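User: I'm new to reading structures. Can you take me through this one, starting with the terms?
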Amino acid sequence: MKKYCWIFLLACSANAGYAQQPNPLQIPDTLSGSNIYLNVASDSTQFLAGAKTKTYGINQAYLAPTLMLDRGDFVQLHVTNGLADTTTMHWHGLHVAAADDGGPHTPIAPGTTWAPDFTVLDEASTYWYHPHLHEHTAEQVYYGAAGMIIVHDSIEQALGLPHTYGVDDFPMIIQDKSFDSLSNQLIYEAISDTMMINGTLNPFLRVPAQMVRFRFLNASNQRVYNLGFPIGVSFMIASDGGLLEQPLAVTRILLAPGERVEIVVDFSGITNNLPLISFNSEMGQGISGGPFGPGGGPGNPLDGTDAPVCEFRIGPPTANPVTSLPANLRTYNIPPVQNAARTRVKDFDVDVAGFPFYINGLVYDHDYINDTMRLGDIEIWEVHNNTDVAHPLHIHDVQFHVIAFNGNFVPGHLRGRKDVLLTQPGDTIRFVTRFEDFADAHTPYMYHCHNLFHEDGGMMGQFLVIDSVLSGHEDSLNLAFGAQLRFFPNPTSGMLFLEDFNKDPERVTSIEVVDMQGRKLALLAIDPNRARHTIDLGACPAGMYLLHLRHKAGGHTFKRVTKQ
Ligand code: C2O
Ligand code: CU
Ligand code: CU
């Protein structure tokens, strides 16, 4: 439990407010092409005067190159794990097959290379990539294994938005860190007290006096930012997974871990330096980093305090500056709510001890499938945050559109394509999505809180997307120690027989029949003295079912069966 006890750790991070000269903002290199090689490794980085800081990076000492992808591209990736620990690599926000998604079920052992591939099906927007090994995601991201992905497409290119990387289109990866003042090493377990962008402490950026696009990514473990300028408005043009319908005038952008936002700022006519500030004093109930957030309080110099994030120094405009924004950007393609196959409710609760946080009463179990979706289905999700802290919910595979926000009007910045949604205490939020293109009865996708400490603590569930038209059937299930269960006949027209329980050292204690909507149809207690059991599916409609086998040792296994 010790890693979650922030109170004891605040005393260790004595570095707050150390003098830092302004540093030019580093802009990560880019990588593109049909073969992309990524090498995750540990290294060291000169953040502070004196000793270097041990960091992780991908093809560089800290953070990673920005992947530049075009919609429709086919990309072959080669991810080599040069760390001493196992890792995975997840393409956050991209719509790819579960086996290529890089979740906890596709580990990359040290010294090995994982080679997923996919076609870029996503709309132009800002995405990112980071490790996703269960219980190690926070640590590996904190040490620096994370990078941005920019997807362009023809609709976006035709709009004439600023899009020259590093000239009028800038990546802004915001993170917070704590340094041990004696050794300059990162203190991973602390709620951090020092902000950086793209790995640059106290950054400034020279920008041309014209319309400039910024792509903000909150790659922090738990801190939320509330970005804005002391005066004037900016125009938000994109949320996580795509452009908004129209540019939206904003003065503040609340950015939770995992979220991305693109804004355009018009620097023309501005001569003074302009600070970008995180208005932490204005953040609401339960939000990490705000005045009422967990871990907040007088011990942390950032929490609840407005803090500069980056200083913009205005220089001459480029040769062909963008001088206006189009009135309309893109049309939303929202799945029709009236065609939703179901409403799936997700309740966030917390253990009496204050940790871990639960989704529908459960913590993550690597061998347990929490939800099964049918390929092609439109679903409404209704999320209730019953805890007193804010949680940014993230779902793999899909983008969604918020359709109801505490019974109120959905604010403009939440209407676009989203894959992370910040829920505050007491919130009830509904959104709609569609599970399309990729089905895999064996490899699940994840959904989880993107507060990485909460995620690693088990605030995560997994779902299978299953094509209801089955091809090929299994008739046995291999368990640990070579034991095997036989199921026959499969497919069946009614009776299903199970055999050989007594040879199963992890003995199955009960079997539940679950349909593809997640409904429990029958529960069979297993008699350890009998070698054969019978399940009667005669009353069930034709289709596919999952047998949920609970083991004596506490594990779970699933088995697909088909009723003809
Ligand atoms: Cu950004 Cu499941 O991850
Ligand atoms: Cu993700
Ligand atoms: Cu959470």
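Analyst: Two strands pair if DSSP finds at least two bridges between them. Strands (E, at least two residues) and helices (H or I, at least four) are DSSP runs, numbered from the N terminus. This is a predicted model, where local features need pLDDT of at least 70, side-chain atom pairs count only at pLDDT 80 or more, and totals for chains, interfaces and linings use all residues. Residues are numbered from 1 along each chain as its sequence is written, chains are lettered from A and ligands numbered from 1 in the order in which they are written, and side-chain values use heavy atoms, with hydrogens and water left out.

User: OK, what is the strand order in the open sheet of 5 strands?
Analyst: The order is S2-S5-S11-S10-S7, and the pairing is mixed. S2 (30–31) and S7 are the edge strands with a single partner each, so each has one side without a neighbour in the sheet.

User: How many bridges join S10 to S11?
Analyst: There are 5 bridges, and the two strands, S10 (residues 125–130) and S11 (residues 147–152), run antiparallel. Ser125 is opposite Val151 in S11.

User: Now the metals. Which residues coordinate the copper ion (ligand 2)?
Analyst: His90 and His394 do, each through NE2, at 1.9 Å. His90 belongs to strand S7 (residues 90–92) and His394 to strand S28 (residues 391–395), so the pair links parts 304 residues apart in sequence. Donors here are N, O and S atoms within 2.8 Å of the metal (3.2 Å for Na, K and Ca); water is not among the atoms, so sites may look incomplete.

User: Are His90 and His394 buried or exposed?
Analyst: Both are buried. Buried means under 20% relative accessible area, exposed over 50%, and partly exposed in between (1.4 Å probe, protein chains only).

User: And which protein donors does the copper ion (ligand 3) have?
Analyst: His391 (ND1), Cys449 (SG) and His454 (ND1), lying 2.0 to 2.1 Å from the ion. His391 is in strand S28 and His454 in helix H4 (residues 452–456), so this pair ties together parts 63 residues apart in sequence. His391 has 0% relative accessibility and counts as buried, and His454 is buried at 4%.

User: Different topic: where does Tyr142 lie?
Analyst: Tyr142 is in helix H2 (residues 137–142), and is buried with a relative accessible area of 3%. The side chains of Tyr142 and Ser192 are joined by a polar contact of 3.3 Å. A polar contact is a pair of N or O atoms within 3.5 Å; within protein, one must be able to donate a hydrogen and the other to accept it, and residues adjacent in sequence count only if both atoms are side-chain atoms.
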